[in-house]
Amino acid sequence: MKLPFAESYKIKVVEPLYKSTRQDREQWLKEARYNIFNLRSHQVFIDLLTDSGTGAMSQFQWAEIMKGDESYAGAESYFKLKEAIKDIFGFEYFLPTHQGRAAENVLFSALVKEGDVVPGNAHFDTTKGHIEFRKAEAVDCTIDEAYDTDTNHPFKGNLDLDKLEAVYKKYPKEKIPFVVVTVTCNTSGGQPVSIENLKQVYELSHQYGIKVLFDSARFAENAYFIKLREKGYENKTIREIVADMFKYTDMMTMSSKKDAIVNMGGFIGMRDEEIFDKAKTFNIMFEGFITYGGMSGRDMAALAQGLYEGTEFDFLETRIKQTEYLGNQLIDYGIPIQKPIGGHAIFVDADKFLPNVPKAQYQAQTLTLELYLEAGVRAVEIGTILADRDPVTRENRYPKLEFMRMAIPRRVYTNNHMDVVATALKNVYDRRNKITTGYKIIKEAPIMRHFSVELEKI
Ligand SMILES: *Cc1c(COP(=O)(O)O)cnc(C)c1O
């Protein structure tokens with residue numbers, strides 16, 4: 001008999017979880033003004049809010065914490081990280097930052113100005129935030145297949161070259177500081193970009209004199225999907241594929257809280273000394289001196305180790321198989337999710353799940369709250385609330401896809417937890433026709449409103 005699959009690690013340290021009653025949860029949600037970001041962690045049984053900074057570090061990473069060098073300038077931990085980045089991505093220059101959006105803030109301060117246009121594949125929310133904050137425009141050039149959850153395209157993160165070229169033809173190159181390619185593309189469902197597409201985007205962009213930036217939080221998961229799905233890469237190691245991917249970019253921003261399996265950290269990688277020099281000044285102003293940039297020495301050391309662990313096939317296989325394990329149960333229950341199943345999360349199509357709730361009453365948010373009430377499972381809205389208002393008209397922007405995302409933290413939960421999540425969502429699905437009303441906003445911030453929005457039941 002073929003042996004079943006099992007995790008490539010065992011558990012050394014554990015943390016208790018807290019169960020609650022539906023009555024408790026109703027009270028807590030009311031107090032949280034129906035915003036799951038306002039819940040305390042003890043009020044959550046299984047937390048799938050994000051896979052960002054919520055992973056479990058290995059014994060080797062914890063050992064690196066003890067070895068951290070906290071020198072203000074020239075710390076050994078900085079050089080350890082610098083060498084890992086050179087080794088894995090091939091970048092000569094790098095700047096540490098405290099997390100991914102800080103990397104965006106520093107790099108975009110150097111490169112993006114008012115009136116600029118930044119094309120990309122469904123920009124991540126903080127990326128878009130940093131573009132729009134500078135009064136520049138983010139233009140989505142993702143392939144159309146990404147917006148049909150039932151189409152089984154292997155690389156739904158790909159950019160549409162015609163859409164991209166149209167942007168390059170419409171605007172002078174001085175107005176386009178770079179194209180941002182997100183690997184994997186979170187916003188369209190944790191979907192990968194193929195090497196073929198990365199190469200074509202790079203060649204097209206360079207033909208027009210435009211630089212390429214990889215938003216790289218889940219670069220290793222992208223490489224795993226390339227190994228499984230793209231012809232010619234079956235027998236390459238993850239690190240060889242990563243090296244191939246990063247041939248086709250000029251710079252990277254990284255949220256190390258994802259595929260580098262640390263709880264905090266980020267960086268910018270660059271080939272160009274001129275960009276490094278420009279960005280350096282902003283790094284010192286916003287983050288810290290260039291050899292720590294908002295990170296402790298120990299955190300840089302654990303991050304360097306995490307970059308190696310995060311690019312091991314066994315680790316990635318364990319992780320992505322767990323996401324599939326949950327996703328396949330939901331597919332069996334007939335629950336509408338983005339297909340194929342992505343790397344880090346399951347994206348539930350809330351528009352199909354709750355067709356009786358009007359769009360203006362926030363379907364994905366309604367579903368997220370129902371799932372929490374059902375079993376204390378915390379997911380997150382990736383829909384109209386997140387899409388925010390149009391910066392000019394101030395009208396709600398209705399995204400093409402209204403998702404509830406359930407992100408799986410790395411090396412944290414067991415498949416028994418996934419069973420609870422699947423059953424809880426099935427229970428909500430079974431009573432979906434009775435859910436006919438959603439929520440209205442009573443208070444919101446002018447930008448990135450989802451973190452602090454306050455809602456009222458209709
Ligand atoms: C998480 C993430 C960011 C932002 O990183 P933070 O560490 O949360 O600031 C940017 N882009 C992508 C694709 C991400 O997943």
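Visitor: How many nonpolar, polar and charged residues does the shell around the ligand have?

Guide: In this predicted model, the shell has 2 nonpolar, 5 polar and 6 charged residues. Helix α4 (residues 100-111) supplies the largest share of that shell, 3 residues.

Visitor: Which residues come nearest to the ligand?

Guide: Of the 13 residues around the ligand, the nearest are Q99, R101, D215, S255 and K258.

Visitor: What makes the approach of the D215 side chain to the ligand a polar contact?

Guide: A polar contact is a pair of N or O atoms within 3.5 Å. A ligand nitrogen lies 2.8 Å from an N or O atom in the side chain of D215, so the pair meets that cut-off. Ligand oxygen atoms give two further pairs: one at 2.9 Å from an N or O atom of the R218 side chain, and one at 2.7 Å from an N or O atom of the S255 side chain. The ligand taken alone exposes 370 Å², and the protein buries 97% of that.

Visitor: Why is N121 called buried?

Guide: Buried means under 20% relative accessible area. N121 is at 0%, so the residue counts as buried. N121 sits in the loop between β3 (117-120) and α5 (125-133), and a polar atom of the N121 side chain lies 2.9 Å from the backbone oxygen of G157.

Visitor: How do you know that the span of helix α3 agrees with the expected value?

Guide: The 14 residues of α3 (residues 76-89), at 1.5 Å a residue, should span 20 Å. The end C-alpha atoms of α3 are 20 Å apart, so the two values agree. Just after α3, G90 takes a positive phi of about 85 degrees.

Visitor: Which residues of α3 are buried?

Guide: The buried residues of α3 are S77, Y78, L81, A84, I85, I88 and F89. Down the helix axis they fall within an arc of 125 degrees, so they line one face of α3. An α-helix has 3.6 residues a turn, so residues three or four places apart point the same way. The exposed residues E76, E83 and D87 are on the face of α3 turned away from its buried side.

Visitor: What makes the buried residues of helix α2 line one face?

Guide: In α2 (residues 59-67), Q61, E64 and I65 are buried. Seen down the axis of α2, these residues fall within an arc of 110 degrees, so they line one face of the helix. M66 and K67 are exposed on the other side of α2.

Methods. Residues numbered from 1 in each chain as written. Predicted model: local features only at pLDDT ≥ 70, side-chain atom pairs only at ≥ 80, totals over all residues. Heavy atoms only, no water. Helix = DSSP H or I, 4+ residues; strand = E, 2+ residues; numbered from the N terminus. Expected span 1.5 Å × (residues − 1). Buried < 20%, exposed > 50% of the residue type's maximum accessible area, 1.4 Å probe, protein only. Arc of directions from axis to C-beta. Near = heavy atom within 4 Å. Polar contact = N/O pair within 3.5 Å; in protein donor to acceptor, adjacent residues only side chain to side chain. Areas by Shrake-Rupley, 256 points an atom, 1.4 Å probe, with all protein chains shown as cover. Nonpolar A, V, L, I, M, F, W, Y, C, P; charged D, E, K, R; others polar.
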